[in-house]
Structures are given as structure tokens and as C-alpha cells.
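The exercises below take up helix geometry, strand pairing, charged pairs and aromatic rings in turn. Please work through each task with the model open before reading its solution.

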Amino acid sequence: MTEIADVKRLIDVASKNGAMLPRPVMELYENARDFHVYVDEDGIGGCCALHIDTAELAEIRSLAVREDLRKQGLGATLLSACLDEARKLEIGRVYALTRVPGFFIKNGFGEIDKHELPHKVFNDCIRCPLFPDCDEVAVVRDLDNAPE
């Protein structure tokens with residue numbers, strides 16, 4: 001819980017750069033258990049969340065890496081931690097709504113039409129400042145249940 005304020009700052013930087021949408025701090029506290037974080041001597045270096053929608057489907061959210069740590073594989077490592085958690089929970093499919101689909105495609109996801117996702121996925125969209133003119137791309141990855 002003590003890291004949420006720093007996670008919020010990291011997400012705010014990424015949202016100002018256009019990589020993701022901002023997240024209200026109360027939402028981060030409500031979903032604190034979803035997060036994997038990387039911490040170094042300079043503080044929070046990266047974060048990624050696995051948010052469970054159903055027994056079969058989870059969302060990768062709020063993947064952000066501090067600028068000085070980018071291009072070193074930290075984003076892929078955080079993503080992998082979330083995918084491993086999904087496998088342990090026997091969740092068969094993960095998705096992300098992203099403005100950076102290339103990263104996810106490079107990591108085994110495929111682009112889909114966002115309307116192929118269950119309606120429940122869009123509950124958060126109603127609160128988004130871009131609703132209904134979403135500019136995010138939907139990507140999905142089917143998992144086997146064995147950790148990588």
C-alpha cells in the first residue's frame with residue numbers, strides 16, 4: 001500500500017506521454033493486490049497489474065516503466081509475472097486495451113476487435129474521458145496453464 005503513490009506518479013507520467021490512460025488514485029488502492037512492481041534504489045521503476053474479470057479472463061493493466069529503465073526488458077519481465085500469475089490461477093486468456101500494441105504483439109498477443117471481448121470488460125470504459133471514442137487497441141493472448 002505504501003507504493004501506490006509512487007505507482008500513481010509512474011502511471012501519470014506514462015499517461016501524459018500518451019502511452020496509457022490515467023488511473024484515479026482510489027482505483028489504484030482498490031486494486032492494489034493486482035499489481036506487480038519493480039523497485040530499485042531510485043524507487044518504483046515499473047508496474048503492471050493483472051485484473052481478473054472472470055474465471056476465464058483477466059486484463060493486463062497499467063504497464064509502465066520509468067524512462068531510465070526502458071528498453072532493458074523490464075516491461076516484458078513485469079508482463080511475464082502477470083502471465084505467470086494468470087496461469088497459476090488457471091485463467092486461460094488475458095487481454096489488454098493499449099495504445100502500444102506493438103509491445104504486446106512482440107510478447108505473444110494478437111490484435112482483435114475490442115467488441116469480441118465480453119461486455120463486462122467495458123464497465124470501466126464508461127468512466128474514461130475518451131468514452132465512447134476509444135483510441136485503444138485490444139490485444140489478447142491465450143495461455144496454457146503451465147508457467148513459463
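**Exercise 1.** Which residue of strand 2 stands opposite Val37?

*Solution.* The model is a predicted one, in which local features need pLDDT of at least 70 and side-chain atom pairs count only at pLDDT 80 or more, while totals for chains, interfaces and linings use all residues. Residues are numbered from 1 along each chain as its sequence is written, and side-chain values use heavy atoms, with hydrogens and water left out. Opposite Val37 stands Cys47 in strand 2. Strands here are DSSP E runs of at least two residues, and helices are H or I runs of at least four, both numbered from the N terminus. Strands 1 and 2 pair in the antiparallel sense over six bridges, where pairing requires that DSSP finds at least two bridges between the two strands. A hairpin results from strand 1 and strand 2, with two residues between them.

**Exercise 2.** Determine the span of helix 1 and where its buried residues lie.

*Solution.* Helix 1 covers residues 4-16, and its 13 residues reach 18 Å from the first C-alpha to the last, close to the 18 Å expected at 1.5 Å a residue; the expected span is 1.5 Å times one less than the number of residues. The buried residues of helix 1 are Ile4, Val7, Lys8, Leu10, Ile11, Ala14 and Ser15. They cover an arc of only 165° around the axis, so they lie on the same side of helix 1, the arc being that of the directions from the helix axis to the C-beta atoms. Buried means under 20% relative accessible area, exposed over 50%, and partly exposed in between, with a 1.4 Å probe and protein chains only. The packing partners of these buried residues are helix 2 (25-30), strand 1 (35-40), strand 2 (43-54) and strand 3 (57-65), contact meaning heavy atoms within 4.5 Å. After helix 1 comes Gly18, whose phi is positive, near 85°.

**Exercise 3.** Describe the salt bridges that involve Arg66, Arg87 and Asp142.

*Solution.* A salt bridge is a side-chain nitrogen of Lys or Arg within 4 Å of a carboxyl oxygen of Asp or Glu, and a search of the whole structure finds 10 of them.

- Arg66 pairs with Asp68, their closest N and O atoms being 2.6 Å apart; Arg66 is buried at 15% relative accessibility, whereas Asp68 is partly exposed at 47%.
- Arg87 meets Asp84 at 3.1 Å, N to O, and about one helical turn separates the two because they are three residues apart in helix 3 (residues 74-88). Arg87 is buried at 2%, and Asp84 is buried at 17%.
- Asp142 and Arg93 bring their closest N and O atoms to 2.7 Å. This pair links distant parts of the chain, with Asp142 in strand 6 (residues 137-142) and Arg93 in strand 4 (residues 93-98), 49 residues apart. Asp142 is exposed at 55%, while Arg93 is partly exposed at 32%.

**Exercise 4.** How many aromatic pairs does the structure hold?

*Solution.* There are two, where rings of Phe, Tyr and Trp (its six-membered ring) pair if their centres lie within 6.5 Å, with planes under 30 degrees apart counted as stacked, over 60 as edge-to-face and the rest as tilted. Phe103 and Phe104 are edge-to-face, at 5.3 Å centre to centre and 85° between the planes. Phe104 and Phe109 are also edge-to-face, at 5.2 Å and 80°. Ring pairs thus link Phe103, Phe104 and Phe109 into a cluster.
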